[in-house]
Amino acid sequence: MKIYVNPPQTEWAALCRRAEQDNSLIEERVKTIVERVEREGDAAIRALAQEIDGVELRSLKVEEQEFKQAEAKVRSEVKSAIEVAVKNITSFHTAQLPQEVRVETQPGVVCIQRPVAIERVGLYIPGGTAPLFSTVLMLALPAKIAGCREVVLCTPTNKQGEVAAEVLYAARRCGVTSVFKVGGAQAVAAMAYGTESVPKVGKIFGPGNRYVTLAKQLVSGRNTSIDMPAGPSEVMVMADESASAEFVAADFLSQAEHGKDSQAMVVCSSVAIAEAVKAEVERQAAQLSREEYVSESLRHSRAVVFDEREQMIAFANEYAAEHLIVAMEDAWSVVDKITAAGSVFVGNYSPESAGDYASGTNHTLPTSGWAHSCSGVNIDSFMRKMTIQELTQEGLQALAPTIIAMADAEGLGAHAAAVKVRMKN
């Protein structure tokens, strides 16, 4: 991990650059997979599972017996942990439910904004190097709270064609029964276009590898929405003398273990802190089971030192981290100046892991600088806002001159005529 001391602002863009990803080699492959699933449906899914993963799928949909078997396999302490997480995630997301807005903009003219749940949503749950059953909770619970009529879940299997027991248990706990044994770009295509088994959805949620991400971007050009652009996971820790180097290093590594292209950054108020964190990272990394992923990730992770607190804040806003941990004295005065981050963790006892699992906030967040313009998943992600209006005869009479003048100025005579015809009565 390299340390940079008071880098000039001209160098910030380079320091904020994420791990380079050359997608050119897989773009055509993803396009071929998506088109094949759109054209051939279930047959393509089965063939691709055999070709890519060496898995023979007898049935695509998870059967009731498989849910029961999964429940028996999940350890009691994991079930208890899921219950705590469900409670907290439900509490926080229920509080986000939007209210209908009703305004009489002028006498006789009523405008309404009504939140309406997306009818059918699709959830992609990764199952490669680590089956992320926590993502089931983060996506399925808000979908149910928002009122989505149907939730479809796709996730890859192991070599025996089995879905991870924890994923199935979490799905059932969240009320999801339509679970399909489909992974990768083919899962995204199946949910986007529909097959004989997998229903077409209106919006697709969930993280995934580059194949999944590219597939989501590809289908979003048609009539299927996606939650957000997503890339490798990342964390930035802001640390001063009040921070614990041991804690910072642990947070640093909690993101680095996600994958070889994950990125961790620490922004420090002194070189001494940066050196202490670096030493701790090296010590703790050697003890991790996923050291292979961590060591690769650390190659494009870095520490940046600034003498001025305001510079630390400005750099953090420039980076726009997926996860931002503020381990600084008077941390809230820093947080109040943060304008770009997916999720912020305040103080020495707010690890990023809390948000990943059970504090209540959502862990599906914008990466790669998208936090400048995108929110993380929340209740609004599963809803759309529909506007409604009602004009009385008197209301239209009063507004007619304005509408007619504007329509005529735009040269849209039929728009003006639609008002004028009503004024004759």
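**Figure 1. Contacts across the whole predicted model.** Take the contacts in the chain with a separation of 6 or more: residues 24 or more positions apart account for 74% of them. This is a predicted model. The chain holds 425 residues, and 48% of them count as buried. Its secondary structure comprises 17 helices and 14 strands. The C-alpha trace spans about 85 × 60 × 45 Å along its principal axes. The views that follow pick out a few parts of this chain.

**Figure 2. Helix H7 and its cover.** Helix H7 runs over residues 165-173. Which of its residues are buried? They are Ala-165, Val-167, Leu-168, Tyr-169, Ala-170 and Ala-171. Several elements cover these buried residues. Among the helices are H4 (64-73), H5 (76-94) and H6 (133-146). Strand S5 (150-154) and strand S6 (178-180) also belong to the cover. A general rule helps when reading any such view: an α-helix has 3.6 residues a turn, so residues three or four places apart point the same way. After H7 comes Gly-175, with a positive phi near 85 degrees.

**Figure 3. Strand S9, covered on both faces.** Strand S9 takes in residues 234-239. How many of its 6 residues are buried? The count is 6 of 6. Look at the two directions in which the residues point. Glu-234, Met-236 and Met-238 point one way from S9. Val-235, Val-237 and Ala-239 point the other way. Both sets are buried.

**Figure 4. The partners of strand S9.** One partner of S9 is strand S10, residues 263-268. The two strands pair in the parallel sense, over 6 bridges. Find Glu-234 in this view: opposite it in S10 stands Gln-263. Strand S12, residues 323-327, pairs with S9 as well. This pairing is also parallel, over 5 bridges. Here Ala-239 has Ala-327 of S12 as its bridge partner.

**Figure 5. The enclosed cavity.** A search of the whole structure finds 1 cavity of 30 Å³ or more. The volume of the largest cavity is about 40 Å³. How can such a space be found? Rolling a probe the size of a water molecule over the atoms shows where empty space is left. The lining of the largest cavity consists of Val-237, Phe-247, Val-248, Asp-251, Ile-325, Ala-327, Gly-347 and Asn-348. Helix H10 (245-256) and S12 are the elements that give two or more residues to this lining. H10 gives the most, with 3 residues. By class, the lining of the largest cavity has 5 nonpolar, 2 polar and 1 charged residues. Two of its residues appeared in earlier views: Val-237 belongs to S9, and Ala-327 is the bridge partner of Ala-239.

**Figure 6. The second largest pocket.** This pocket has a volume of about 290 Å³. It is lined by 16 residues. Which of them are the closest to its centre? They are Glu-66, Gly-161, Glu-162, Val-163 and Lys-181. The elements giving two or more residues to the lining of this pocket are H4 and H7. H4 supplies the largest share, 4 residues. The lining of the second largest pocket divides into 6 nonpolar, 4 polar and 6 charged residues. H4 is also part of the cover over the buried residues of H7.

**Figure 7. A three-stranded open sheet.** The 3 strands of this open sheet follow the order S2-S3-S14, with antiparallel pairing. Why is one side of S2 and of S14 left without a neighbour in the sheet? Strand S2 (101-106) and strand S14 (383-391) stand at the edges, each with a single partner strand, so each has one side without a neighbour there. From one strand to the next, the twist averages 20 degrees. Strand S3 covers residues 109-117. S2 and S3 run antiparallel and are joined by 5 bridges. Look for Glu-104: opposite it in S3 stands Val-110.

**Figure 8. Cys-374 in its loop.** Where is Cys-374 placed? It sits in the loop between helix H15 (352-357) and S14. Its relative accessible area is 22%, and Cys-374 is therefore partly exposed: buried would mean under 20%, and exposed over 50%. Neighbours within four places in sequence aside, Cys-374 is in contact with Pro-229 and Pro-366. Ala-341 lies 33 residues away from Cys-374 along the chain. The C-alpha atoms of Cys-374 and Ala-341 are separated by 9.3 Å.

Note on methods: Residues numbered from 1 in each chain as written. Predicted model: local features only at pLDDT ≥ 70, side-chain atom pairs only at ≥ 80, totals over all residues. Heavy atoms only, no water. Buried < 20%, exposed > 50% of the residue type's maximum accessible area, 1.4 Å probe, protein only. Contact = heavy atoms within 4.5 Å. Pairing = 2+ DSSP bridges. 1 Å grid on protein atoms, 1.4 Å probe; cavity = no way out; pocket = protein on both sides within 12 Å on 5 of 7 lines; lining within 4 Å. Points joined across faces, edges and corners; volume = space filled by probe spheres on them. Nonpolar A, V, L, I, M, F, W, Y, C, P; charged D, E, K, R; others polar. Axes fitted to C-alpha atoms, helices over the stretch in contact; angles between N-to-C directions.
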